[in-house]
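The following account moves from one helix and its surroundings to the chain as a whole, and then to its charged side chains. Please keep the structure in view while reading.

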Amino acid sequence: MAQSLELLLIQFLMPDNDARRQAEDQIKRLAKDPQVVPSLIHHLRTAKTPNVRQLAAVLLRKKITGHWGKLSPQLRQLVKQSLIESITVEHSPPVRRASANVVSIIAKYAVPAGEWPDLLPFLFQCSQSAQEEHREHFPVPNTSKHVFFHSFTIINRFCNFPGCGIDTLQLIDRNYWELVSAVFADLQSLLLKCLQDETSNRVRVAALKAVGSFLEFTHDEAEVIKFREFIPSILNVSRQCLASGEEDVAVIAFEIFDELIESPAPLLGESVKAIVQFSLEVCASPNLESNTRHQAIQIISWLAKYKSSSLKKYKLVGPILQIMCPLLAESTNRDEDDDLAPDRAAAEVIDTMALNLPKQVFPPVFEFTSLSSQNANPKFREASVTALGVISEGCLELMKDKLEPVLHITLGALRDPEQMVRGAASFALGQFAEHLQPEIVSHHESVLPCILNALEDISDEVKEKSYYALAAFCENMGEEILPFLDPLMGKLLGALQSSPRNLQETCMSAIGSVASAAEQAFVPYAERVLELMKIFMVLTNDEDLRSRARATELAGIVAMSVGRARMEPILPAFVKAAISGFGLEFSELREYTHGFFSNVAELLEDGFTQYLPHVVPLAFSSCNLDDGSAVDIDDSDEDENVNGFVVSHLMMKHMMNQEFVILVFTFDTVMNIYIKTMSEDDDKEVVAQACMSIADITNDFGYMAVEPYMPRLVEATLVLLREESSCQLIESDSEIDDDDKEHDEVLMDAVSDLLPAFAKAMGAQFAPIFSKLFEPLMKFAKQSRPPQDRTMVVATLAEVAQHMGAPIAGYVDAVMHLVLKELGSPEATNRRNAAFCVGELCKNGGNSVLKYFADVLPRLYPLFGESEPDNAVRDNAAGAVARMIMAHPESIPLNQVLPVLLQVLPLKEDYEESTSVYGCICNLVLSSNAQILSLVPQLVNIFAQVAVSPVETPEVKQLHLRVETYATLWSSYLVLCSFWSVDNVKIDLKLKPALNWATLVYFGSLSAAVSGFPVWGCSIPSILYNFNHTSGWHFQSNLLLPDGNQSFQWLGFLDEGLMPNFRGMTLGVMLYFTGR
């Protein structure tokens, strides 16, 4: 075969096409025989012309894969030895390169199998050989550089072979890895030396590629850290490549930096400054290719995401924004890939920086915005509002404080003569509406008219963004939308029937937000909207599926707005259309279908059971089930997966006591999905959603439901608290101290919600589990941690103490110092949570907390004064004092505390404290506590306001505003009236309408005395006489509100929202006065 093959190789290289075709056919036939391998090796080593030797190597590379396993060990050894000789003694560079390619192919199979243990040491030894030794074998100058080059080529290609990743490397013989480790440090030194080679650019480039390859399979942290010293040389090589026009090589540096940035090892150090400087140089060079600049911008983005603390530490935020903000105004060729456009990439960088470094980002961006909004160049005016839009999520708290000037700039841009500026302004308003809640809604009178005008814009692009802004803005409105409802729906319904598809989609989104805000006021428009949705929900063309998705979502939202009674009769047609759309395999349609079913499940409650056999399989198909207990998040759409979680939970909530068999299967499947997601998923938002869903399930179904899963849940929670989960490691910044990290709002707030959920479900039995979680949780409470971390810990401790009860006593000494310090925090949220926490600790801490009472009261006192600007803080301070009184009244100086407490009542914002506060007062009144009875007039004023408050729940009024409490108060009050004038009693006359209700309740309790039954030794006439005589109020004319319509006012107290005995008392009093 060898002789005939040589002739065919020569013939293949002839210029005659027919001869070459014949040779090719013959070579293909011969190549099917494994013996072609030694023949090709022979010609590679002995053919007289370099072209034939090169062709032999090329053919060998193509055929060696299929034949390698069929060769005898002797032939394999011959092949390996011949290839090494070809690389080391071959004069022709093309032949050497072709031989190196064959070596890399064989290495893919031989190295993992341990069949070529001397390859890597040989390449290393050959590459570092002294020049004299090389000259003995290679009389051609610079042979050593060729060896360097081809050695690195083999290493690079072997490391980058498909399938030769972690799984393959794990199969390599232990002895082989010991050998690699032995020469690894020397290899790194060699790579660094070659990166610095001043005589051969080819060697530098080959070394640069090899560095990238080594990093991909180097996982030992100590070895990876050694690559830090490579960074200056990598930057030098990349700059030289850019200067010589080799951009494709220069971008290898960015690939290397990408690996370094994502590594949890502390690889960058001060080198981050040089990397940022180089990346900014490339970003700011408009003469470079878009891809090159995009790679540089992407590095900045990764640094902002994974190493944000490094950017802050080395003061790089300002220099980055000085380049990125003007890039927003760079004109781009609309024909180029939008993903590579510098302005779009810069916006993503600024967004990422705002999310991770809001305090450092907002001032320079706002300064750029203020200046650029007045720029004559429309691109800069567009950039000004674009910048505000992209930072609104990350810098939300800072922007809320500057909302007036921010809106002034944005609403001005919405009237700009340039379309691009108006479009950017609409986008920014939509972002504000999403992220600057609730403050942005208070500006609806100025914002909504501007958006309505923008809906009439001549540009479809501006219209589309205006619909988005309208949808986002209306979503968080309530009754404020009612004055705008008619003009809004007129424009939206008109646009829905006459606009292009893309505008119809955003229009439907806006209608959904309007429906959510208007609720029952939307009923007049619901029928027309639903009829239109039926048309969209049967579309099947690919270009129409996005519109169908929006229509499906809107149908569910409208159903929630109009209610079950109106919707249930017509719902089957919509459910059928939604189920059929699920089979079209369009991810966005599947996502919105989940939203539709979650709304329908919530709307119908037990009526949803009929749809379970159809909907359950659809929900879980979006979770990419694996053996019924796992979710493959990497291969699933994130939003669809999260919506699958939501609809699964809602279905379970409404399936209780309906379909037990389906429920058990569903519950086990979902719980396993959630736990696997917590442990393995690398996306924080998905993990956070899983944590929130588990907390909801625990709260809804109780401990019995989650008990079988608790060991795994606790372990997953522990890993998350230690910040060791997959989603946390990929974003870790190991170079920065633990104390300098930013608060992880997305994930850790969700994780911290798990502990109170477990405590609520388990009560005191949670104590052993809490002992495991306590220390990892307290890591977030260090003084050097951000305020959001500390208040997260305090809030978690408060809720755990509330639900776990007495076992919290064992932690009082460990946490009280933190809580007391947080009472003086400059952040209102921190003070609020600290007040709540200290109250729960005092309530449940037993005797161990008594020694802190003397410290707690002085710390709480400032929260009651005028210097406290936040009503919620004041309410929680009141709740804390109330809990202290109820737990240990003997340890509280009531004569000093009660007047301070009562002066902040009734509660103004946090009505969850009502039960504790008013319950405490009721108990004191009913126990005839002398200190509280001296404050009766003030209490009557407070209780009267609570009684008629539209925000207090009926439960609060029923439980604590009890008749006997009023009776005690009023009897005490009437006694006071018998001896002092009303001025001395100090009843607030402004509260007369509210007091009328309290008076009515009291006299209702005496209605039985109409038949002469005595109450507390007083007849009704004598009580009325005292009341009228001493107060100067004429009972019949002034008891009711001064509108003269007595029966109407009394009927108001027959409202079904009041408890039955109150309504009965009202009737009794009406009968009494009618009789008089």
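**Packing, salt bridges and surface charge**

Within helix 42, which spans residues 745-752, the buried residues are Leu747, Met748, Ala750, Val751 and Ser752. The model in which this helix appears is a predicted one. The buried residues of helix 42 pack against several other helices: helix 38 (684-701), helix 40 (710-721), helix 41 (726-729), helix 43 (754-762) and helix 45 (787-804).

The chain as a whole provides the setting for this helix. The protein chain contains 61 helices and 0 strands. It has 1076 residues, of which 55% count as buried. Among the contacts in the protein chain with a separation of 6 or more, 72% are made by residues 24 or more positions apart. The accessible surface amounts to about 46,500 Å², and carbon and sulfur atoms contribute 51% of that area.

Attention may now turn to the charged side chains. Side chains of opposite charge can pair when their charged atoms come close. In this model, the number of salt bridges comes to 28, counted where a side-chain nitrogen of Lys or Arg lies within 4 Å of a carboxyl oxygen of Asp or Glu.

One of these pairs joins Arg293 to Glu330, with the closest N and O atoms 2.7 Å apart. This salt bridge links distant parts of the chain, for Arg293 belongs to helix 17 (residues 290-306), while Glu330 sits in the loop between helix 19 (317-327) and helix 20 (342-356), 37 residues apart. The two partners may also be described by their exposure. Arg293 has a relative accessible area of 5% and is therefore buried, whereas Glu330, at 22%, is partly exposed.

A second pair that links distant parts of the chain consists of Arg883 and Glu840, whose side chains meet in a salt bridge at 2.9 Å, N to O. Arg883 lies in helix 49 (residues 871-887) and Glu840 in helix 47 (residues 828-844), and the pair is 43 residues apart. Here both Arg883 and Glu840 are buried.

The salt bridge between Glu680 and Lys676 is set within a single helix. Its closest N and O atoms are 2.6 Å apart. Why are Glu680 and Lys676 separated by about one helical turn? The reason is that they are 4 residues apart in helix 37 (residues 660-680). An α-helix has 3.6 residues a turn, so residues three or four places apart point the same way. Glu680 is partly exposed, with a relative accessible area of 47%, and Lys676 is also partly exposed, with a value of 25%.

Salt bridges may also involve more than a pair of residues, as Asp343, Lys379 and Glu382 are linked in a network of them.

Other charged residues gather in patches on the surface. A patch of positive charge there is formed by Lys32, Arg61, Lys62 and Lys63. Among its members, Lys62 lies in helix 4 (residues 50-67). Lys62 counts as exposed because its relative accessible area is 56%, and the threshold for that class is over 50%.

A patch of negative charge brings together Glu393, Glu434, Glu475, Glu685 and Glu745 on the surface. Glu685 belongs to helix 38, one of the helices against which the buried residues of helix 42 pack. With a relative accessible area of 47%, Glu685 is partly exposed.

Terms used:
Residues are numbered from 1 along each chain as its sequence is written. This is a predicted model: local features need pLDDT of at least 70, side-chain atom pairs count only at pLDDT 80 or more; totals for chains, interfaces and linings use all residues. Side-chain values use heavy atoms; hydrogens and water are left out. Patches are made of residues with over 30% relative accessible area and no salt bridge: like charges are joined within 9 Å, nonpolar side chains (Val, Leu, Ile, Met, Phe, Trp, Tyr) within 5 Å. Accessible areas come from the Shrake-Rupley method with a 1.4 Å probe; for residues, only the protein chains shown count as cover. Lys and Arg count as positive and Asp and Glu as negative; His and the chain ends are not counted. The place of a charge is taken as NZ of Lys, CZ of Arg, CG of Asp or CD of Glu. Helices (H or I, at least four residues) and strands (E, at least two) are DSSP runs, numbered from the N terminus. Buried means under 20% relative accessible area, exposed over 50%, partly exposed in between (1.4 Å probe, protein chains only). Contact means heavy atoms within 4.5 Å.
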